[in-house]
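The following exercises are to be worked with the sequence and the model side by side. Each task is followed by a solution in steps.

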Amino acid sequence: MNKSYTFGVLGGDMRQVYLSRLLTADGHRVFTHAMPEAAAADLSELSGADCVIFPLPVCSAPGLLSAPLSGADQPIDPLLDLLHPGQLLCGGRPDEDTRSRFAVRGLALTDYFALEELTVANAVPTAEGAVQLAMEQLPVTIHDLPVLILGYGRVGRVTARRFSALGARVTVAARRVQQQAWARTEGFGARPLPLSCNGLEQFQLVVNTVPAPILGREVLSQLSPTCPILDLASAPGGLAPDCRAEFACRVTHAPGLPGKVAPVSAAGYIRDAVYGLLSATQSSPRKEDQLGK
């Protein structure tokens with residue numbers, strides 16, 4: 001990017017830390033808030049930033065900026081009070097409460113995680129992180145392992161390919177018959193969602209990518225007691241609420257893997273997405289209003 005901008009990078013995990021470094025290396029002026037390293041600038045400077053980048057997710061609880069590295073609660077309202085509608089404001093997966101806090105102040109928040117280029121890129125470290133977790137938990141090789149992947153969206157597709165590349169015998173469970181057909185063309189087994197219980201005992205690893213409670217008592221009771229379940233879906237995950245007390249010990253809930261296993265790569269994906277948004281706002285004066293919708 002040829003033009004130099006002023007960025008505010010607020011809260012978040014190691015993705016935000018590395019993002020601030022990448023932006024600085026690109027020649028931009030960057031100040032941070034609610035991070036463990038580097039003294040943060042005076043928050044009044046937020047009003048002068050061309051772009052303010054919130055974390056993914058934006059809030060950890062209603063009214064609290066997601067800032068796990070800061071060591072303290074970080075209210076978001078004082079930050080929003082310093083912003084104005086002329087700025088590009090970006091954040092990942094804002095919930096309705098977060099959006100309403102922006103909207104009441106006339107601020108448009110762009111969900112960068114809704115951008116196709118970012119979600120596709122994030123599928124790679126998510127899939128690689130799933131392989132890493134599986135290797136840590138399994139007493140056997142991935143090679144020749146019967147693996148069941150729940151969901152065949154972006155993450156499910158890349159995850160199935162990664163396990164298959166290591167020699168796993170992959171079966172995909174998907175809702176749409178078109179997804180099941182695509183899975184078969186990739187050489188995977190395919191079965192429908194919701195899951196029937198027939199044949200579940202054969203699988204030695206289950207990887208869920210569906211953010212819905214599809215892992216109920218009937219399904220879980222048919223899986224082998226030694227079968228690890230990796231839940232990659234965002235909260236609340238795939239485990240049915242009435243099963244959490246009994247089966248939680250068998251499920252590894254692992255959302256946000258890109259920020260844990262490949263934060264530098266994940267930061268680069270966010271940077272590139274933000275650059276694209278900045279280019280869009282510069283090329284069209286009215287584009288900014290459209291981005292917040």
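**Exercise 1.** Determine whether Ala190 is buried, partly exposed or exposed, and describe its surroundings.

*Solution.* Ala190 has a relative accessibility of 23% and therefore counts as partly exposed; buried means under 20% relative accessible area, exposed over 50%, and partly exposed in between, with a 1.4 Å probe and protein chains only. The model is a predicted one, in which local features need pLDDT of at least 70 and side-chain atom pairs count only at pLDDT 80 or more, while totals for chains, interfaces and linings use all residues. Residues are numbered from 1 along each chain as its sequence is written, and side-chain values use heavy atoms, with hydrogens and water left out.

Next, locate the residue: Ala190 belongs to strand β10 (residues 189–192). Helices (H or I, at least four residues) and strands (E, at least two) are DSSP runs numbered from the N terminus.

Then list the contacts, meaning heavy atoms within 4.5 Å. Not counting residues up to four places away in sequence, Ala190 touches Thr171, Val172, Gln180, Ala183 and Arg184. The C-alpha atoms of Ala190 and Val177 are separated by 9.4 Å, the two residues being 13 residues apart along the chain.

**Exercise 2.** Characterise Thr171, one of the residues that Ala190 touches.

*Solution.* Thr171 is found in strand β9 (residues 169–174). Its relative accessible area is 16%, so Thr171 is buried. Beyond its neighbours within four places in sequence, the contacts of Thr171 include Val147, Leu148, Ile149 and Phe203, and also Gly189, Ala190 and Arg191.

**Exercise 3.** In what order do the five strands of the open sheet follow one another, and which stand at the edges?

*Solution.* The order is β2-β1-β3-β6-β7, with parallel pairing. Strands β2 (29–33) and β7 (109–111) stand at the edges; each has a single partner strand, so one side of each is left without a neighbour in the sheet. From one strand to the next, the twist averages 25 degrees.

Now follow the pairs, where pairing requires at least two DSSP bridges between two strands. Five bridges join β1 (residues 6–10) to β2 in the parallel sense, and Phe7 stands opposite Val30 in β2. β3 and β6 run parallel and are joined by three bridges, with Cys51 opposite Leu88 in β6. Three bridges also link β6 and β7 in the parallel sense; here Leu89 stands opposite Leu109 in β7.

Finally, consider the side chains of β6 (residues 88–91). Leu88 and Cys90 point one way, Leu89 and Gly91 the other way, and all are buried. In a regular strand the side chains alternate between the two faces of the sheet.

**Exercise 4.** Describe the position and environment of Arg15.

*Solution.* Arg15 lies in helix α1 (residues 14–25). With 6% relative accessibility, Arg15 counts as buried. Its side chain and that of Asp13 are joined by a polar contact of 2.8 Å; such a contact is a pair of N or O atoms within 3.5 Å, where within protein one must be able to donate a hydrogen and the other to accept it, and residues adjacent in sequence count only if both atoms are side-chain atoms. Neighbours within four places in sequence aside, Arg15 is in contact with Leu56, Pro258, Gly259, Pro263, Ala266, Ala267 and Ile270.

Methods:
Axes are lines fitted to C-alpha atoms, for helices over the stretch in contact, and angles run from 0 to 180 degrees between N-to-C directions.
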